[in-house]
Every structure is written in C-alpha cells, then in structure tokens.
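Here's a quick tour of a protein with a ligand, written for someone who likes to think in contacts and angles. Have the viewer open while you read.

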Amino acid sequence: MFEKILIANRGEIALRVLRACKELGIPTVAVHSTADANAMHVRLADESVCIGPPAARDSYLNIPNLLAACEITGADAVHPGYGFLSENARFAEILAEHNIGFIGPKAEHIRTMGDKIEAKQTAKKLGIPVVPGSDGGITDDVEALKVAKKIGFPVLVKAAAGGGGRGMKVAHTEADLSMALSTARTEAKAAFGDDAVYLEKYLTRPRHIEIQVLGDGKGNAIHLGERDCSLQRRHQKVWEESPSPALNLEARDKIGEVVAKAMRDMQYLGVGTVEFLYEDGAFYFIEMNTRIQVEHPVTEMITDIDLILEQIRVGAGAELGITQKDLRFPGHALECRVNAEHPITFRPSPGKILHYHPPGGLGVRVDSAVYQGYTIPPYYDSLVGKLIVHGRTRPECLMRLKRALDEFVVDGIETTLPLFRNLVRNQDIIDGNYHIHWLEHFLAEGGMEV
Ligand code: ADP
C-alpha cells in the first residue's frame, strides 16, 4: 500500500479523497494555491504545501511544483481527483519516471480515451455500440457533407479533444453545415489547441446514461450499474440519479456486461465511466472518462462501495476484491450539484458564506468543502456542494430530497438551490420523464419560480 498520498486537487473532491485515505490509515498531503490557504482540505490534511498563485495553470496544473511538493513531503503517490491533471497522460508518465504512483489508469488508456475519435474507434473494436458518424476526423467540407447526408440531418460537429461541452455545434440542414464546421474548429482550437473535429448523428431526445466501471489492470473488471445524467444545462450535468427511470434490470445488466467485458479485454486499471446516449431502447457510446466523476456518490449510495477507496487499493497493485455476482443495487439515489450561481441567470456568485446549515438525517449525504464564514474564491469552479439522497424507492428518494432541500441554508451568496426546489416538485421529474434537452426547454419557457 502507499505510504503517503498527495492530493493534487481542491474543494469537495480533495476532501472526499482525504476521507478515504484516513479510513485506510494513509497519511495525506494537501496542496493549495495562495487563494486556498484557508480551505477545508488544507485544514484536515496531515501536511500541506502551497504550490503557487491563484491561477490554476500556476498552481493546480503546475507539474514541477507538484513534483517538488511530493519530494519535500515524501509522498509516494498522487491522487488527481477530477478536472485539473486527472486526465493528463503525460503527468502520469512523469510521476512514474520519478517512482511516484499515479492513482488512475495506465497512461496509454488515458491517451486513447482523451482523443474522442480514437476513443470511439477503440470502443467499436471492443464491441461497444457507438453513435453513427464519420469514421475519423473530418478536414474537408465536401467530405463532411457526404457523411452528413449518409447519416441524415441533424448532425453534430464535435471536437476530438472536446470536454465540458465545448467545440460542439449542431447543423440542422445542409445550409448550416459549413458554418457549424468552422465555428466548432475555431472553438476547439481556442479551447484545446487542436482543431480536429468529427461528425455524429444528432440525437433529438436521448437520455444520457453512463456506466461506472472498476478494474484492477490485470484483466478483472466489473460494472457498478448506471447513472442517468440527462438533466443538463449547456451540456453540463445538474442532477444525476441511479437507477435510470428509463431502464429495466435486464437492459442495465446487458449494457453493463458489454462494458465490463470491454474493460477486462483492455485490462483497464482504476475507476472509469463509459458514457452513452440512450434513445428508443438503443445505447450509443459518446466518450469514456478515465477518472473519478463528480457524480460518483450516486453509485456509492446504492452499491455501498467506496469507489475512491477501491481506486486507491487497485492503484497500489491489489486485485479486485469484488465480483460482479457480489454486487447488489438496492434502492435509489439522486444527486443535485449546488453551484454558487444565480438560480435564473446562472451568473457566478462567489463570495462569503454568512450562514451555512447543511441538511442531515436518514439517507442524506452532503459532499462539500465549504463552512460558515468561508469565502468562495472566483478562480475555480462554482460548486458549493453536492446533495445526495438515498431511499428504498424513487418516490421515497424524492420525498427525502424535498425535505433536505427545504432544510439547506446557504446565505450570503446566490445558489442554485431554488432550481432544485422547483425540479423536485415538477410532474415530469416526478414521473422520471425527461431527456437531455428537457432542462433547457424548462428554463427557456420560464418554468422557474423563485
Ligand atoms: P464533453 O466531453 O464536452 O462533455 P460529450 O461527448 O460527453 O462531450 O457530450 C456532452 C453532452 O453533449 C452529452 O451528455 C449530450 O447532452 C450532448 N451530446 C453529445 N453527443 C451528442 C449527440 N450525438 N446527439 C445529441 N446530443 C449529444
């Protein structure tokens, strides 16, 4: 097992990793920018090192400073959390060159899945169904039109290096195509320094359903069921739940096994998420994330498995201790991402939290790193915390969520809590009847009452 783990992240995920380390009895090192000197993960870690000024590129993304922090503290492994360096294959290699463990997949798998064109081709080879589209990158507009006509409009132009919904443009008709291509290329170049794009059939009313996997890199891998993340704004997930209201057990087992087999064939190491769009009973692969996801607690609540703890165990070379047959998925779980944003305009609202009272009680979990008197800095993402509820059934879960939302107090800043108070009372949501464009339609039609 590792002797000391450095957590190369901040906020709630740094705290989440720290908790798993404590339970394993492994000493922790927190790193922080000058803006995060008073952060909770710094206060709770055994040691801490300041790695630079507020801008992420100078601190949380600064590889030489992170290496120096490992050296100073004697950390023999790094947990990258999500975001920042978590999907940077070169970072994993540099750590290996310094005999420091990277708690994540093999660098080659990070690299393959980080390029969406290559990821799709790999998925296809492994027997995973993919969205119809171009076979590879598209550089020529004439070629693009040929492919688009073959798969049928509307089509989606996507960036090979994409992430966070950037570099994605829809073309509804032939006339929109060249504009969509050039805008997507420009956006992709600006955001990722790579203007490679590809084409996909644009699905009009799909759900986003993803499968959680865990592998030990030695050919053992399992799936931990699905999460339905269809409620999105600007391709960003807002609410996640498991099981999906749209799937039955047979459908889950079937897609789960296809994915688990692919992970066994790849000898995948660590946790990962294989993302699909689901429409008319069919699954279409869109991408794989080779890291822990923000919404992982939803899976933890229904499987009772600590995903970070398992990630650390297999990262240190242990064999998978759980078999597919051991796994049970009792009850229902649901997560709301509470952001420091205006609930209607979604304008970021950093600042000082004057009063803070998180909800509690049976089946309620809050993963957050804020506290009363804490000031949310303007430099990073705007997540205040994740409210996760668990119940024996979906109606019980919704009842508990309503109660927990009414108890939750965050004063001094604007938050998206009112959005969730609206959603939990909405008939479509109560019926589980929604798809990836539902939330944007709801907001555009002025569905919010504050
Ligand atoms: P990113 O890595 O930028 O998050 P993804 O490929 O994961 O990009 O897609 C993000 C979201 O964009 C999906 O959850 C879905 O809402 C939408 N999306 C992606 N591909 C398609 C498609 N072919 N048709 C319709 N919507 C799509």
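What follows covers two sheets, the helices that pack on them, and the ligand site. Keep in mind that this is a predicted model.

Let's start with the parallel sheet. It's an open sheet of 5 strands, ordered S3-S2-S1-S4-S5, with parallel pairing. At its edges sit strand S3 (47-52) and strand S5 (101-102), each pairing on one side only. Inside the sheet, S1 (residues 5-7) and S2 (residues 28-33) pair in the parallel sense over 3 bridges. If you want a spot to zoom in on, try Ile7, whose bridge partner in S2 is Ala30.

Two helices to look at here are H1 and H3. Helix H1 (residues 11-24) lies across S1, S2 and strand S4 (77-79), and runs at about 165 degrees to S1. Helix H3 (residues 63-73) packs on the sheet too, touching S1, S2, S3 and S4, and its direction makes about 155 degrees with that of S3.

Next up is an open sheet of 3 strands, in the order S7-S6-S8, with antiparallel pairing. Strand S7 (168-171) and S8 each have a single partner strand, so one side of each is left without a neighbour in the sheet. On average, neighbouring strands of this sheet are turned by 25 degrees against each other, direction ignored. S6 and S7 pair in the antiparallel sense over 4 bridges, and Lys158 has Met168 as its bridge partner in S7. Helix H6 (residues 116-125) packs on this sheet, touching S6 and S8, with its direction at about 50 degrees to that of S8. Helix H7 (residues 141-151) also lies across S6 and S8, but runs at about 15 degrees to S8.

Now for the ligand. Which of the 21 residues around it come nearest? Those are Gly165, Lys201, His208, Gln232 and Glu287. Here are some polar atom pairs to check:

| Ligand atom | Protein partner | Distance |
|---|---|---|
| nitrogen | polar backbone atom of Lys201 | 2.9 Å |
| oxygen | side-chain N or O atom of Gln232 | 2.8 Å |
| oxygen | side-chain N or O atom of Glu275 | 3.2 Å |

Taken alone, the ligand exposes 550 Å², and the protein buries 96% of that. The elements giving two or more residues to the shell are strand S6 (155-159), strand S8 (197-201), strand S12 (269-279) and strand S13 (282-289). By type, the shell residues split into 8 nonpolar, 7 polar and 6 charged.

Methods:
Residues numbered from 1 in each chain as written. Predicted model: local features only at pLDDT ≥ 70, side-chain atom pairs only at ≥ 80, totals over all residues. Heavy atoms only, no water. Pairing = 2+ DSSP bridges. Contact = heavy atoms within 4.5 Å. Axes fitted to C-alpha atoms, helices over the stretch in contact; angles between N-to-C directions. Near = heavy atom within 4 Å. Polar contact = N/O pair within 3.5 Å; in protein donor to acceptor, adjacent residues only side chain to side chain. Areas by Shrake-Rupley, 256 points an atom, 1.4 Å probe, with all protein chains shown as cover. Nonpolar A, V, L, I, M, F, W, Y, C, P; charged D, E, K, R; others polar.
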